[in-house]
Structures are given as C-alpha cells and as structure tokens.
Amino acid sequence: MSGSASTFSVTILEKEYQVACPEDQQAELLLSARHLDEQMRAIRSTGKVIGLERIAVMAALNISHELLQARNGVTSSDTSGSNTGEKKSGKTGGAKAETATNAIDPADAASLSGLNAKLDEALHQLRQLEIG
C-alpha cells in the first residue's frame, strides 16, 4: 500500500465513525461508506428490520451477495429483484442467494469467512461504542 495511513471520518446512519485508511484510498473509503449508508437506509426504510446491529448485518449480507454475484459473473439482468430487507426462511434473496452460495469455490469461501470475521469484530466494537 502506498500512502501513509490517516484517520478519516465517515457518517453512516447519522453516526460518525473514525476510520484509519491510507490517504491514497480515501476516495474508495468514502464511496464504500456512502454505499453502506445507502444500503442501511434502504433496509431501515422497509420497517421490517429494527435495530442498528440487525440493519448492519442485513446490509453486510446484501453487499456480500452482490460481491459473490459479481465474482460469479451474474449480471444485474439475471437478478430482477432486490433482496433488501427481505427475510425468507432466514435467508436474503431466497433462491438467488442459494445459487450464489452453491457456486462458491474454496477461495471465495475463505474470503467470505474473512469478511464475516471483520463484520463480527466491527459489530463487537459498535456495541462497545454504544455501551460506553
């Protein structure tokens, strides 16, 4: 990574977070935060998911699903509906999520596992921020 790490502020659902990021990746960080904020707002607006932690988990699942579709070459025309905030037998996106999951190779599974670990850590830190 080139560029020195600095701390930048991002706002997600009216909450400000300080994130360490290399200066040359600040634009990507801001785009990522904006995308996450939009996903979380869309989920919150459905009224089906209550609580910041649950909204964050649903947004993470939706974004992971999008990533897996992109990696598997699924185009947006192949996915005609949005799975934002849907809950079908404990899964987002119903059969679409199952199809993407069945097509995961071991490298993708490892990446997804790493993303889940990062999500768990972020949620743990969020709880500490809310309690403190």
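## Fold, core and salt bridges

Of the 132 residues in the protein, 27% are buried (under 20% relative accessible area; exposed is over 50%, partly exposed in between; 1.4 Å probe, protein chains only). This is a predicted model, in which local features need pLDDT of at least 70 and side-chain atom pairs count only at pLDDT 80 or more, while totals for chains, interfaces and linings use all residues. Residues are numbered from 1 along each chain as its sequence is written, and side-chain values use heavy atoms, without hydrogens and water.

The protein has four helices and two strands (DSSP runs, H or I of at least four residues and E of at least two, numbered from the N terminus). Their order along the sequence is β-β-α-α-α-α.

The largest nonpolar core (buried Ala, Val, Leu, Ile, Met, Phe, Trp, Tyr and Cys residues joined through side-chain atoms within 4.5 Å) has 15 residues, of which Val10, Ile12, Met40, Ile43 and Ile55 touch the most other members. Two or more core residues come from each of β1 (5-12), β2 (15-22), α1 (26-46) and α2 (52-71).

There are three salt bridges (a side-chain nitrogen of Lys or Arg within 4 Å of a carboxyl oxygen of Asp or Glu).

| Salt bridge | Closest N and O atoms |
|---|---|
| Arg41 and Glu14 | 2.9 Å |
| Glu14 and Arg44 | 3.4 Å |
| Arg41 and Asp37 | 2.8 Å |

Arg41 and Asp37 lie four residues apart in helix α1, so about one helical turn separates them. Asp37 is buried, at 12% relative accessible area. Through shared partners, the salt bridges join Glu14, Asp37, Arg41 and Arg44 into one network. Glu14 is exposed at 52%, whereas Arg44 is partly exposed at 37%.
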